[in-house]
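User: I'm new to this one, so please pick a single part and walk me through it slowly. Start with the metal site, then show me a couple of other spots for contrast.

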Amino acid sequence: MRNSTLKVQNSLTRNKEVFKPINEGYIGMYVCGPTVYNDVHLGNCRTFVSFDIIYRYLLFLGYKVRYVRNITDVGHLLDDGEDRILKGARLEQLEPMEIVQKYTNGFHNMMAIFNTKKPSIEPRATGHIIEQIEMVQEIINNGYGYEKNGSVYFDTVKFATDGKGYGKLSGRVIEELLSETRDNLKNQSEKNHPSDFAIWMKAAPEHIMKWNSPWSVGFPGWHLECSAMSTKYLGKTFDIHGGGNDLKFPHHENEIAQNMGACNCQPANYWLHTNMLLMNGKKMSKSDGNTISPEELFSGDSPHVTKGFSPMAVKFFFLQSHYSSPNDLTNDALLAAEKGYKRLMQAHKTLQSLNTKSIGNSLDAEFNEIIETALADMDDDFNTPRALSRLFELVTKINSLKEGHIDINQLSQEALDHLKKYFDAFLFDIFGLLDEQEASGGNSDALSGLMDLIIDLRQGARTNKDWTTADKIRDKLKELNIEVKDGKDETGWTIN
Ligand code: AMP
Ligand code: ZN
């Protein structure tokens, strides 16, 4: 184990706290996974990449981590009450489980493209109906659940008046909810109080995904799956629970209530929340066109970007802001991230080629200190932007060593080895970056140079109205699986 003092910003206490695992050397971490009813979007990617880096850093520190990230495949309802999966199935005319499989596969592919590590366990809600029914029963037995017409609701009022702290995580005050007049509630729903929430729902006869239970043929409430699956795989109380901050209320608040209601224990000691990905300063939203899919970002096929950006350039862009700060995606920020990523990879190659005669060691302390500071930044609530800035201090120094502006022979062999080891550990183990140039056979710069030349020649032919040549170039490229796209202002290309 690395000797370090890890601190994390705990949403539950709103304090930055020294992290102490329940069992020395072991960590249990649960992260709410995607609802698999449509393509994973970039905001989701930001959250899952952030938790991947947290996971990677905990592993780097030497912890044995059990990382559980679920797949939500039932119970997550839309505002109009329709199950997201069933809506997907209806729209695409597929079986609900075909929808689940299709978008789980898509999600996994995207996680691989971003080079994230697979979780230790990836449980599905539909695979844990028995555990969820058992938990509903425990909640009822403890007096925190009541049945109405085959559905079961969590009694937030009793929970709050028993002093169990409903609203602790999200800062919602139950008294405010309680002060609403009874009249408002009449005929509103079967719930005794608006803040009560369903933990089991009776299904309408035409509803497809439903199971037998002591109360009705129905399906579990969305919040319940995470309570049941985290308990099953990590125990009643575990170390870290994560998700995007849009899940704090009601999802995480209700998860806490369910766990407390079932066994009177707080599920997680530390709650970590990622902040939202924005685009051009505004929330990404499909309805007003302010959105871009990962694929569009990679290909450049979107009015929001002037060109395509590689997955690692996008990942570098994610790393440049702290996971708990909003992250604003703009074309300029992506261009800068692409440059930064390439500079970092180039420095890695330069560093590999450096050797020292080790005549002195006067540079050792300076280099070691920067490495230690970068690690301290990661210990400080996984501060990737600060750690990155330290790596760029090293990049400047590595380039100076190469150019002879600083004398590499003043670096001991031990310090040079240490530098190589930790520089690489940051790039590849902690940040999980890939050397895309190496992955593409080392010729991507040459390829893009060549393509620029070909596109230029074709552009010249088009300007001269030499359509035969222009089409010949396009068709020949197509045979090579390279697709040319003529945009309004410029021509792009992608390898299919
Ligand atoms: P969902 O599939 O909608 O349940 O979301 C999966 C995860 O992505 C959750 O942790 C969300 O909080 C997170 N998420 C959703 N939208 C964004 C966004 N714009 N930026 C960052 N994370 C997001
Ligand atoms: Zn969850």
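**A close look at the zinc site**

Analyst: His251 counts as buried, because its relative accessible area is just 1% and the cut-off for buried is under 20%. Keep in mind that this is a predicted model.

So what does His251 do here? Its NE2 atom is one of the donors to the zinc ion (ligand 2), along with the SG atoms of Cys32 and Cys226, at 2.0 to 2.2 Å. Along the chain, these donors follow the spacing C-x193-C-x24-H. Cys32 sits in the loop between strand S3 (26-31) and helix H1 (42-61), while His251 belongs to helix H9 (residues 248-263), so this pair ties together parts that are 219 residues apart in sequence. Cys32 is tucked away too: with a relative accessible area of 6%, it's buried.

Now for some contrast, head over to Leu450, which is partly exposed at 49% relative accessible area. You'll find Leu450 in helix H17 (residues 444-463). Together with Leu453 and Leu457, Leu450 makes a nonpolar surface patch of about 310 Å².

One last stop is a little hairpin made by strands S5 and S6, with two residues between them. S5 (residues 145-148) and S6 (residues 151-154) run antiparallel and are joined by four bridges. Across the pair, Glu147 faces Val152 in S6. In the turn, look for Asn149, which has a positive phi of about 50 degrees.

Conventions. Residues numbered from 1 in each chain as written. Chains lettered and ligands numbered in written order. Predicted model: local features only at pLDDT ≥ 70, side-chain atom pairs only at ≥ 80, totals over all residues. Heavy atoms only, no water. Patch = residues over 30% accessible without salt bridge, like charges linked within 9 Å, V, L, I, M, F, W, Y side chains within 5 Å. Areas by Shrake-Rupley, 256 points an atom, 1.4 Å probe, with all protein chains shown as cover. Salt bridge = Lys/Arg side-chain N within 4 Å of Asp/Glu carboxyl O. Buried < 20%, exposed > 50% of the residue type's maximum accessible area, 1.4 Å probe, protein only. Pairing = 2+ DSSP bridges. Donors = N, O, S within 2.8 Å, 3.2 Å for Na, K, Ca; no water.
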